[in-house]
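The following paragraphs lead through a structure, from the make-up of one chain to a patch on its surface and then to aromatic rings and their charged neighbours.

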Amino acid sequence: MELSGSEIIIQFLKDEGVKHIFGYPGGAVLHIYDALQKQTDVEHILVRHEQGASHAADGYARATGKPCVCLVTSGPGATNAITGIATAYMDSIPLVVITGQVPSHVIGQDAFQEVDAVGISRPCVKHNFLVKDLSKLAETLKKAFYVATTGRPGPVVVDIPKDITAPHIKIPYEYPAKVEMRSYNPNFKGHPRQIKRAVELMLGAKRPMVYTGGGVIMDDASQELRDFVHKLGFPITQTLMGLGAFPGTDPQFIGMLGMHGTYEANMAMHECDVLICIGARFDDRITGVTSKFCPYAQIIHVDIDPASISKTINADIPIVGGAKQVLTEMLKQLEKTEVQVDQAALESWWNTIKSWQSQDSFAYAKKDGVIQPQEAVEELYKVTKGDAYITSDVGQHQMYAAQFYPFDEPRRWINSGGLGTMGFGLPAAMGIKLAFPDKDVACVTGEGSIQMCIQELSTCLQYGLHVKIINLNNRYLGMVRQWQEFFYEKRYSHVYMDSLPDFVKLAEAYGHVGIRVDDPNDLHDAMVEAFKLKDRTVFLDIITDQEANVYPMISAGKAHNEMDISPLQQAKQALLKSKGELV
Amino acid sequence: MRHIISLLVENEAGALSRISGLFSARGYNIESLTVATTEDQTLSRMTIITTGSDRIIEQITKQLNKLVDVVKLQDITEGNFIEREMMFVKVKAEGDTQRGEVKRLSDIFRARIIDVTDTTFCIELTGSGSKLDAYIKSMHENNIVEVVRSGSMGILRGEKALTL
Ligand SMILES: Cc1cc2nc3c(=O)[nH]c(=O)nc-3n(C[C@H](O)[C@H](O)[C@H](O)COP(=O)(O)OP(=O)(O)OC[C@H]3O[C@@H](n4cnc5c(N)ncnc54)[C@H](O)[C@@H]3O)c2cc1C
Ligand SMILES: Cc1ncc(C[n+]2csc(CCOP(=O)(O)OP(=O)(O)O)c2C)c(N)n1
Ligand SMILES: [Mg+2]
């Protein structure tokens with residue numbers, strides 16, 4: 001088969017099993033768009049901003065577990081996509097981003113719409129390529145998929161000069177089913193002896209704690225994790241990125257940990273004697289100040305990326321390997337061994353944890369006539385029966401969604417954790433809806449974040465991507481305002497969202513349904529209505545309490561047992577203390 | 001602690017910027033970096049001299065290994081190694097006394113004079129970094145016109161080698 005570069009790209013994507021790509025055309029990719037137009041196997045979704053393309057592809061990849069592709073033009077197309085690429089990079093999401101480039105012979109001459117895409121993207125990709133030779137095109141694309149999806153996943157950029165895609169230059173094409181790269185060997189198997197040591201250590205624990213993260217989801221190791229945790233009877237906490245791998249409604253799950261995690265999860269981290277970490281990276285949002293992190297614990301750390309191990313927190317038993325493989329091996333060894341968990345110690349540990357749980361650290365006070373953001377998320381949970389795909393933007397609403405929507409399945413909670421990118425939620429929801437048209441997909445957002453990629457409402461209309469936007473509208477850049485309240489004596493500097501648009505009218509202008517709710521009594525009906533409209537995109541503008549705060553909170557420089565707790569919880573603790581019941 | 005990290009790297013455009021970019025992005029020290037192709041034209045050999053605590057050096061080697069262009073890596077300071085650096089120094093050499101003095105000094109250091117004009121000598125010297133430092137120090141500061149140092153290269157002693 002003799003194909004042009006453009007045709008090779010399309011044919012390769014077909015052969016690779018790619019059904020959808022998100023993109024935006026321009027001069028440098030005109031040849032590719034012409035080839036796209038001549039076929040129907042690969043569906044192209046025209047976004048309204050390249051940032052939207054990279055976030056949509058990212059959402060698609062997170063929800064499906066498959067790599068997703070975006071296609072953008074040179075120069076501004078590439079730079080607009082960068083935020084989405086960096087977002088995917090920080091959360092280890094497999095993307096293949098094809099950027100058009102100016103023709104080879106003018107590279108370096110400040111040509112029209114020229115930007116060094118390989119140079120600009122270098123610090124936020126797993127790897128990138130500049131295709132210099134048409135004969136290497138198919139192989140390079142294959143390498144991009146291979147690198148993006150294996151080991152610790154991540155985005156890969158393939159920069160393709162326009163001349164490489166010229167329609168009249170054709171070469172023989174064959175799908176490169178396999179590639180080899182001598183310099184890239186992503187397969188690590190957990191060392192059997194280390195796994196044995198780890199199993200011995202956990203069986204001897206008096207106050208064990210399991211702490212897992214996004215790596216379990218990336219490796220589709222949820223089932224193995226569930227079996228493992230159920231077998232041992234240990235408490236488990238998950239990071240913001242790990243939610244859903246272990247069911248959020250299972251009694252052994254004691255909540256998310258970290259800056260806005262539960263009281264019990266953070267206290268248990270502080271007091272545990274053996275910490276079993278699987279597929280999490282000891283991010284600063286979860287460790288607090290590292291010198292005070294898990295002071296009594298021996299730490300087992302399972303991660304596919306050797307560089308994640310002992311990066312911020314030293315591991316006593318490092319295990320480099322995939323979560324699925326290592327968990328399977330651990331389960332096998334647990335079956336075999338005669339050693340039993342110290343049940344008496346475990347029971348007393350659970351009793352301590354239960355006393356922390358009785359604090360009810362997420363409790364909030366409802367108010368007449370004012371919607372609390374937490375109750376909006378609780379309502380969303382009820383109406384969707386906990387079975388929706390939920391994306392979020394970044395801010396307080398993101399934390400409320402994580403705290404009040406317990407996920408029982410992996411890949412249902414889709415948010416930007418590492419980079420914390422406002423603007424992620426709506427395009428990511430579009431990507432998910434495209435992959436799962438029959439599922440409820442909701443984007444929990446704030447009036448600040450939603451405006452960062454609001455233009456994608458137009459894409460939703462064009463492709464019938466009927467997502468529900470749950471706008472927790474507090475008229476503040478709430479998360480920033482909260483910090484200014486706590487740490488800058490309420491000096492609110494540039495966090496008031498003055499002159500907000502009328503979101504209902506805005507939704508209508510984009511051809512969608514807009515509903516505003518400002519009374520707690522109307523919340524349920526509005527939510528039901530929004531999800532009943534299966535074939536409409538609905539923008540639910542929920543006017544919430546303006547100065548609600550996210551609790552608990554670990555401030556900078558503090559340890560897990562030094563959380564700031566909500567006023568409600570403070571009152572409760574004071575009461576318990578007066579009765580002498582506080583442990 | 002000072003470490004010498006030897007790498008075999010794909011001889012591709014961009015490989016060098018990935019490596020130097022890693023050092024600047026993550027705030028690692030880099031004392032010197034040398035690179036050239038090997039007998040195999042597809043591979044470059046790089047020597048990086050860096051300093052840091054054990055934890056940082058461990059991260060540096062792990063992060064370097066993670067780069068797709070890095071084929072193989074070794075911290076040769078963990079073994080028995082040889083380190084050399086090369087230097088050119090152009091010095092003022094006017095009049096018999098001065099020329100004689102420079103010549104004598106160079107002999108002591110086993111340096112070679114490789115270019116001569118009426119007013120200057122160009123000297124080539126190979127050795128450890130501290131030897132080169134010592135040579136510069138022994139030279140009158142205002143006699144020095146120009147100093148070019150290659151940065152260190154390292155290799156393991158004995159049969160051990162960094163090869164594919
Ligand atoms: C406003 C805001 C507040 C936040 N507050 C919190 C908070 O309170 N609590 C919290 O937890 N987070 C919080 N975060 C998120 C935080 O910034 C980090 O993104 C998050 O904690 C990282 O999660 P993780 O450790 O699971 O790592 P991920 O980023 O998900 O990384 C996954 C790890 O798994 C490894 N891995 C990948 N594949 C595999 C495999 N196959 N097998 C084994 N390992 C694998 C990777 O190498 C990596 O080390 C917040 C973010 C924002 C924006
Ligand atoms: C692109 C981007 N710019 C700035 C920030 C810093 N930031 C974090 S949260 C936040 C406020 C978000 O406001 P809103 O979307 O209204 O959510 P709320 O906190 O009010 O729920 C800001 C500005 C960010 N995370 N991303
Ligand atoms: Mg807000």
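In this predicted model, I114(B) belongs to strand β6, which covers residues 112-116 of chain B. With a relative accessibility of 39%, I114(B) counts as partly exposed, and together with M86(B), F88(B) and V148(B) it makes a nonpolar surface patch of about 300 Å². A residue can join such a patch if its relative accessible area is over 30%, and the 39% of I114(B) is given for just that quantity.

The chain that carries this patch has four helices and nine strands, and read from the N terminus its elements follow the order β-α-β-β-α-β-β-α-β-β-α-β-β. Along the principal axes, the C-alpha atoms of chain B fill a box of roughly 55 × 35 × 35 Å. Of the 164 residues in chain B, 43% are buried, while the accessible surface of the chain comes to about 9,000 Å², with 51% of that area belonging to carbon and sulfur atoms. When contacts in chain B between residues at least 6 apart in sequence are considered, 73% of them join residues at least 24 apart.

Aromatic rings offer another way through the model, since over all chains the structure holds 21 aromatic pairs. One of them joins Y476(A) and Y496(A), whose ring centres are 5.7 Å apart and whose planes stand at 70 degrees, an edge-to-face arrangement. Y476(A) lies in the loop between β18 (468-473) and α18 (478-487) of chain A, and Y496(A) in the loop between α18 and α19 (503-509), so the pair ties together parts that are 20 residues apart in sequence. The two partners are covered to unlike degrees: Y476(A) is buried, at 12% relative accessible area, whereas Y496(A) is partly exposed, at 46%. In chain B, the rings of F23(B) and Y28(B) have centres 5.9 Å apart and planes at 80 degrees, and this pair is therefore edge-to-face as well; both F23(B) and Y28(B) are buried.

Which charged residue sits over the ring of Y476(A)? It is R481(A), whose charged end is 5.6 Å from the ring centre, so that Y476(A) has an aromatic partner in Y496(A) as well as a charge over its ring. Elsewhere in chain A, R412(A) lies over the face of Y389(A), at 4.5 Å from the ring centre, and one aromatic cluster is formed by Y381(A), Y405(A), F407(A) and W413(A).

Notes
Residues are numbered from 1 along each chain as its sequence is written. Chains are lettered from A and ligands numbered from 1 in the order in which they are written. This is a predicted model: local features need pLDDT of at least 70, side-chain atom pairs count only at pLDDT 80 or more; totals for chains, interfaces and linings use all residues. Side-chain values use heavy atoms; hydrogens and water are left out. Patches are made of residues with over 30% relative accessible area and no salt bridge: like charges are joined within 9 Å, nonpolar side chains (Val, Leu, Ile, Met, Phe, Trp, Tyr) within 5 Å. Accessible areas come from the Shrake-Rupley method with a 1.4 Å probe; for residues, only the protein chains shown count as cover. A salt bridge is a side-chain nitrogen of Lys or Arg within 4 Å of a carboxyl oxygen of Asp or Glu. Helices (H or I, at least four residues) and strands (E, at least two) are DSSP runs, numbered from the N terminus. Buried means under 20% relative accessible area, exposed over 50%, partly exposed in between (1.4 Å probe, protein chains only). Rings of Phe, Tyr and Trp (its six-membered ring) pair if their centres lie within 6.5 Å; planes under 30 degrees apart count as stacked, over 60 as edge-to-face and the rest as tilted. A charge sits over a ring if NZ of Lys or CZ of Arg is within 6 Å of the ring centre and within 35 degrees of the ring normal. Contact means heavy atoms within 4.5 Å.
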